[in-house]
Amino acid sequence: MSRRPGFVLEVDRSAPPTLVWSGEGFGLETLPEGSRVIYAPEPVKALDDPYAAIRHALLHPVGDRDPLPALLRPGMKLTICFDDVSLPLPPMESPDVRQMVIETVLDMAAEAGVDDVVLVAALALHRRMTEEELRHALGDRVYDAFAPHGLLTQHDAEDPDNLLFIGETDEGEEVEINKRAATSDLLVYVNVNLVAMDGGHKSVATGLASYRSLRHHHNPHTMRHSKSFMDQPASELHSANWRMGRLIAEAGVKVFQIETTLNNDTFPPAFEFLQKREWEWTLRDRAKYLGVSTALAKTPPRLARQVLHGIRAPHALTSVQAGEVEAVHARTLEHVWAQQGVEVEGQTDILTMGLPYICPYNVNSIMNPILVACLGLGYFFNMYRGKPLVREGGVVIMWHPTRPEFHPGHHPSYIDFYEQVLTETIDPTRMHKEFEESFATDPWYVHLYRTGHAYHGVHPFYMWYWCAHALAHVGRVIVVGGDARAVRRLGFSPASSLDDALEIAADVVGPSPTLTHVHNPPLFMADVH
Amino acid sequence: MAGSRFGAGRLTAAVRAARFPLAAPSWPASVDRPDPERKVGLDYDHEWSRRYPVRLARAVVMDNVARPAARLVAPATVRGLEHLHHVEGPVIFACNHASHIDTPLLLTNLPVEFRHKTVVAAASDYFFDRTWKSIVWSFALAAIPIERSKVNRRSADTAAELIADGWNLVIFPEGGRSPDGWTQPFRGGAAYLARRTGRPVVPVYLHGTRHVLPKSASATDDPAPGGSGTESQRGGRLRRSPIAVLFGPPMRPDPDENAHRFSERVEAAVATLAREVHTDWWQARRAVSAVAPQPGAERAHRGPQASPWRRAWALDEPPARRGAKDWPA
């Protein structure tokens, strides 16, 4: 059977209840008649031979680039950078696409006699990856060949000795990136493009940048003017990154960009029902649902989290393109849209979304309240092109337990952000002006970021800025099933049930609102007309 | 007893009241139903039913449950077994068809050398339309799905492969149970397979099975317009009644005989066996002999060309009075 495109269901009396995620669990919700439910397109067929496709891409680059073997020579300095643990979600089954690409690149480098090769995890201000995570992303063969010799590194945005100031863009944006990468004869960037936001100039200009550089686009103003940041031409975030990327290229940094796209095959067979349309659930799907949802409901959240973070997605490679950054990225976006695009007619008064247990910043970690806001208002809200799914002044209803729990090792500054900043203000502009600098330069946070596995001190601010567009756009945010105090701390309204939430929403959107539910994951991008 | 019935009733009510996800999901009215992924009907994979553990289990059930039950419910008079003693399998059993009980009664009355190595051609649209039915019939009868409404190459290939593999085949050339008790014209499936595989056809006549398990009105049938409301409700119930199973001599197509002509010969052979039930071997053969033929004898098993009540009237009489006159003239 051929792959089915995305689908917008008009809920009627005969429509079964809809699966809704809520953190480390999920349930079935009966949406009001007349509601719409948007389902992602079915997975694009995987490439038959990923290694052959990668090799072909490296030998036939797009844009103004020679084939990779022609760029490799003895005595050269080669740096291979790669996306970090935040992609893809959930982490994919082995072999990870980064492993496949990097192994192919290293084969060519070895053949060309290149000795000076360093691998850099492009963390930006994310936490450092653990050995397990690096081994999963790169494979044991790569890890064991490079890590013991100190040649597998993780970008340190606070290491003055390994940062190079490139210059300023026409808009006055300072560009400072990883020195090893910037001074290499060739910088090969290996990207995983799970959503349209990833890749392009953002890979190097953000992934290898310092706080000094990042603050020029990771701020409330930029994020409010990125409509959305999943739509590159309409994204101020990307405009800034493109200016920086072009400056980096003009400065002589030779980037050979390799971008990959994955299909949205998100869950392994045991959890496959999570990505099926409910009316197509078989007896086995229903049995699995009952078994898994009941077990998760009775399992302590900590244990449930461990189980769910153990899920490995059967994502498969659907395309790989290599060469000059912008030419490569244009092709990548075509593939991303082919997988994720769903045509949607018109906006809605109420947008509902169930938030799962994982977002890019809590892989093998805890989804704290700030990340809950970021996943719902930052990511899911922004998964559109054209117009937001919800009208201006509308309501967003999210399901999540929103427990005030934090991973002290991964998110130390989040704890203080939650206790010190959110108690003062939820206005991104005010917190940017009054609090950001102190968090960003706090020596303790810097120390934890550089030596432990902590996100940078400024990271919770960025997560809040990620919500800036949605916060300015919607009239109210309601969290169903969330910890009431934590939800209120975020400036949202708690609700005990969907009916409760709809009653609260009626104050904003009237008694007979339209409602649209995004059936994420698998992820999709709404092309709203 | 009352308590258990009450419990069963509550259970049934609970099952009926179950909602998604305990019950199957309803289908949104705005969504077109796709063609179901076919894993039943002709697409059902029945290969498992011929593996040795399954064959062993089936043989145990057949010999220890089905045969005693058949003797109890439908004591059989079996004639013509001597024909089977001299034929080397595999063979194709071509049998008239009046009741769902035909297949188990035929299988349980086959000699042991055939009984456990026989598959049954069953209508794919009836016996294999649901997964559970496919499993039940594949196991119980070693049934294989065939297309009965039209000639289907796949059905024929499957049957031919099994015959080539040494399996005997039971086929009902009428393509379905007789609607009124009279034999329907034979279709060419059995004859075609005989020509294709070179294996003989053994004509079989089953008598009296429609009294054991009468054909019931289909649940989907609309009530007959103008019905009196006194239509029989006894269809589909098992009743004890004696039966007769008659095997004819194995038949092979002549070298220049096509499947159609051969099929007519097979049908005539079954008709002769039918006459034998009420007369004897000699009279049955004399009726269609070239020396003293009786007019229309070769088609007598199809009943008179008359109104439904006259056809019903002309059928064999109830078991109590059976034998009072020749059948079916």
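# Notebook: two chains, their sheets and a helix pair

I began with the contact between the two chains, to which chain B gives 9 residues and chain A gives 14 residues. Sorting the side of chain B that touches chain A by class, I found 7 nonpolar residues, 2 polar ones and no charged ones. I keep in mind throughout that this is a predicted model.

**Chain A as a whole**

I counted the secondary structure of chain A next, and it comes to 22 helices and 20 strands. I then looked up the radius of gyration of chain A, which is 22 Å and close to the 24 Å that the globule rule gives for 529 residues, so chain A is as compact as a globular protein of that length. Along the principal axes, I noted that the C-alpha atoms of chain A fill a box of roughly 70 × 55 × 45 Å. I also checked burial, and buried residues account for 57% of the 529 residues in chain A. For contacts in chain A between residues at least 6 apart in sequence, I recorded that 81% join residues at least 24 apart.

**The sheet of chain A**

I traced an open sheet of 7 strands in chain A, with mixed pairing and the order β1-β4-β19-β14-β16-β17-β18. Its edge strands are β1 (7-10) and β18 (493-495) of chain A, each of which pairs on one side only. From one strand to the next, the twist averages 25°.

At the β18(A) edge I looked at the pairing with strand β17 (residues 476-480) of chain A, which is parallel and runs over 3 bridges. Within this pairing, Val479(A) has Pro494(A) in β18(A) as its bridge partner.

I then asked which helices lie on these strands, and noted helix α22 (residues 498-509) of chain A, which packs on the sheet and touches β14, β16, β17 and β18 of chain A, its direction making about 175° with that of β17(A). I also noted helix α14 (residues 369-380) of chain A, which lies across β14 (348-354), β16 (390-399), β17 and β19 (515-518) of chain A and runs at about 140° to β16(A).

**A helix pair in chain A**

I turned to helix α15 (residues 412-421) and helix α19 (residues 459-466) of chain A, which pack at an angle of about 60° with their axes 8 Å apart. Angles of 65 to 115 degrees would count as roughly perpendicular and those under 35 as roughly parallel; α15(A) and α19(A) are therefore oblique to each other. I listed the residues that make the contact: Ser413(A), Tyr414(A) and Phe417(A) come from α15(A), while His459(A), Pro460(A) and Phe461(A) come from α19(A). By class, the residues of this contact between α15(A) and α19(A) are 4 nonpolar, 2 polar and no charged.

**The sheet of chain B**

Moving to chain B, I followed an open sheet in which 7 strands take the order β1-β7-β6-β2-β5-β3-β4, again with mixed pairing. I identified β1 (76-79) and β4 (143-146) of chain B as the edge strands, each pairing on one side only. The twist of this sheet averages 25° from one strand to the next.

Inside the sheet, I looked up strand β2 (residues 92-95) and strand β5 (residues 168-171) of chain B, which pair in the parallel sense over 3 bridges. Ile92(B) is found opposite Leu169(B) in β5(B). My last entry concerns helix α8 (residues 153-164) of chain B, which lies across β3 (118-123), β4 and β5 of chain B and runs at about 150° to β4(B).

Note on methods:
Residues are numbered from 1 along each chain as its sequence is written. Chains are lettered from A and ligands numbered from 1 in the order in which they are written. This is a predicted model: local features need pLDDT of at least 70, side-chain atom pairs count only at pLDDT 80 or more; totals for chains, interfaces and linings use all residues. Two residues are in contact if their C-beta atoms, placed from the backbone, lie within 7 Å. Ala, Val, Leu, Ile, Met, Phe, Trp, Tyr, Cys and Pro count as nonpolar, Asp, Glu, Lys and Arg as charged, and the others, Gly among them, as polar. Two strands pair if DSSP finds at least two bridges between them. Helices (H or I, at least four residues) and strands (E, at least two) are DSSP runs, numbered from the N terminus. Axes are lines fitted to C-alpha atoms, for helices over the stretch in contact, and angles run from 0 to 180 degrees between N-to-C directions. Angles under 35 degrees count as roughly parallel, over 145 as roughly antiparallel, 65 to 115 as roughly perpendicular and the rest as oblique. The radius of gyration is taken over C-alpha atoms; the globule rule is 2.2 Å times the number of residues to the power 0.38. A residue is buried if 20 or more other C-beta atoms lie within 10 Å of its own, exposed if 12 or fewer, and partly exposed in between; C-beta atoms are placed from the backbone.
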